[in-house]
Amino acid sequence: MHTYNGKLSKDLPNGVVQIDEKEKEKRYYKYFLEPFHDIPSELKAEIRNSVFEAGEGIEITDRTRLQEEKAYPEKNGYYSLAGGGVVSVANVKTPDMTAESLAWWADWHGLEHLRYAIWDPEDHYSIDVVENRERLLDDSIPVGERVWGTKHQIWESFDQDVPGKVEMKFVSPWECGYDKSLDKTDRLLYMICAEANIGGVPVFATEVLVKGEDGINEMRCRFWIGYMRTPEGDFKCVLPEGVKPPTELIHNLIIHNHREFTRLNEVLPRIYEEEKDNWEV
């Protein structure tokens, strides 16, 4: 297993990750300098106390329920699954995030470490697009779809823990069984799917921006831990029977989803307006 040998953000000046001197010359470096606001301690405590039994979570076969008006499940937390493994559930209010800005961000942020670090300056250590990077700069592909087919290699921490290596291969939601007829409606403002590997464990991740039943936009993040897609297009759990990921790791992942999307909601509207036509690094 790969280990991180660099300095931790909490041990560096201002408690943030390192940025290259050339990146500090970018117009949008100012957003990296903006203070990072952590989520409330009460929410962290609620998440850390959340362990739900099989039958209470969203099985991967029911993943299209993410496109319903009401969040399912409603509560953030660690859910054991009847099919094996677990699913992490994070429902994050993002009232200032739009479909257009998030689709653009999905394609734009992976091109440079600074862009990724702005998203979460305490936890996002590095990013490298190791497959099909050229797609992200191909203006013949619609914005929001360029990320499909690219593979990102990431070093990130969850709630300022020791960073780990994460690999994410982004795929079209329509290849993964989601309802394309709902695209660009309140039920699916924008969705991103990834076949990932976290610490050597396969993960299928879906993050979708929807308008909630209260009329406020929210990110719904579901990471099915231990699941991978078969050649037939189905998903199955490949963890040995009875093996579950550590609750602390999953709780920290959920907290990380809240931290990073709360931050993105704060800065994305301004970055999008200023940089939406600036693709080159």
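Asn197 is partly exposed, since its relative accessible area comes to 27%, and that value lies between the 20% limit for buried and the 50% limit for exposed. This picture comes from a predicted model. Asn197 has its place in strand S7, which covers residues 190-198. Setting aside neighbours within four places in sequence, Asn197 is in contact with Lys165, Val166, Glu167 and Pro202. Lys169 is another residue to look at here: 28 residues separate Asn197 and Lys169 along the chain, yet their C-alpha atoms are 8.9 Å apart.

Glu275 makes a handy contrast. Glu275 counts as buried because its relative accessibility is just 1%, and the cut-off for buried is under 20%. Glu275 belongs to helix H5, which runs over residues 247-275. Once residues up to four places away in sequence are left out, what touches Glu275 is Arg27, Tyr28, Trp104 and Trp108.

Helix H5 also has a helix partner. In general, a pair of packed helices is described by two things, the angle between the axes and the distance between them. For H5 and helix H2 (residues 41-48), the axes come within 9 Å and cross at roughly 145 degrees. The crossing in which H2 passes H5 is right-handed. On the H2 side, the residues that meet H5 are Leu43, Lys44, Ile47 and Arg48. Facing them from H5 are His251, Asn252, Ile254, Ile255, His258 and Arg259. Sorted by character, the residues of this contact between H2 and H5 split into four nonpolar, three polar and three charged.

Stepping back to the whole protein chain, five helices and 11 strands turn up. The C-alpha trace spans about 50 × 40 × 40 Å along its principal axes. The radius of gyration of the protein chain is 18 Å, which agrees with the value near 19 Å for a compact globule, because that is what 281 residues would give. Of the 281 residues in the protein chain, 55% are buried, Glu275 being one of the residues that count as buried.

Contacts across the sequence can be put into a number too. Take the contacts in the protein chain between residues at least 6 apart in sequence: 66% of them join residues at least 24 apart. As for the outside, the protein chain exposes about 12700 Å², and carbon and sulfur atoms supply 48% of that area.

Note on methods
Residues are numbered from 1 along each chain as its sequence is written. This is a predicted model: local features need pLDDT of at least 70, side-chain atom pairs count only at pLDDT 80 or more; totals for chains, interfaces and linings use all residues. Side-chain values use heavy atoms; hydrogens and water are left out. Helices (H or I, at least four residues) and strands (E, at least two) are DSSP runs, numbered from the N terminus. Buried means under 20% relative accessible area, exposed over 50%, partly exposed in between (1.4 Å probe, protein chains only). Contact means heavy atoms within 4.5 Å. Axes are lines fitted to C-alpha atoms, for helices over the stretch in contact, and angles run from 0 to 180 degrees between N-to-C directions. A crossing is left-handed if the near helix is turned anticlockwise from the far one by less than a right angle, and right-handed if clockwise. Ala, Val, Leu, Ile, Met, Phe, Trp, Tyr, Cys and Pro count as nonpolar, Asp, Glu, Lys and Arg as charged, and the others, Gly among them, as polar. The radius of gyration is taken over C-alpha atoms; the globule rule is 2.2 Å times the number of residues to the power 0.38. Accessible areas come from the Shrake-Rupley method with a 1.4 Å probe; for residues, only the protein chains shown count as cover.
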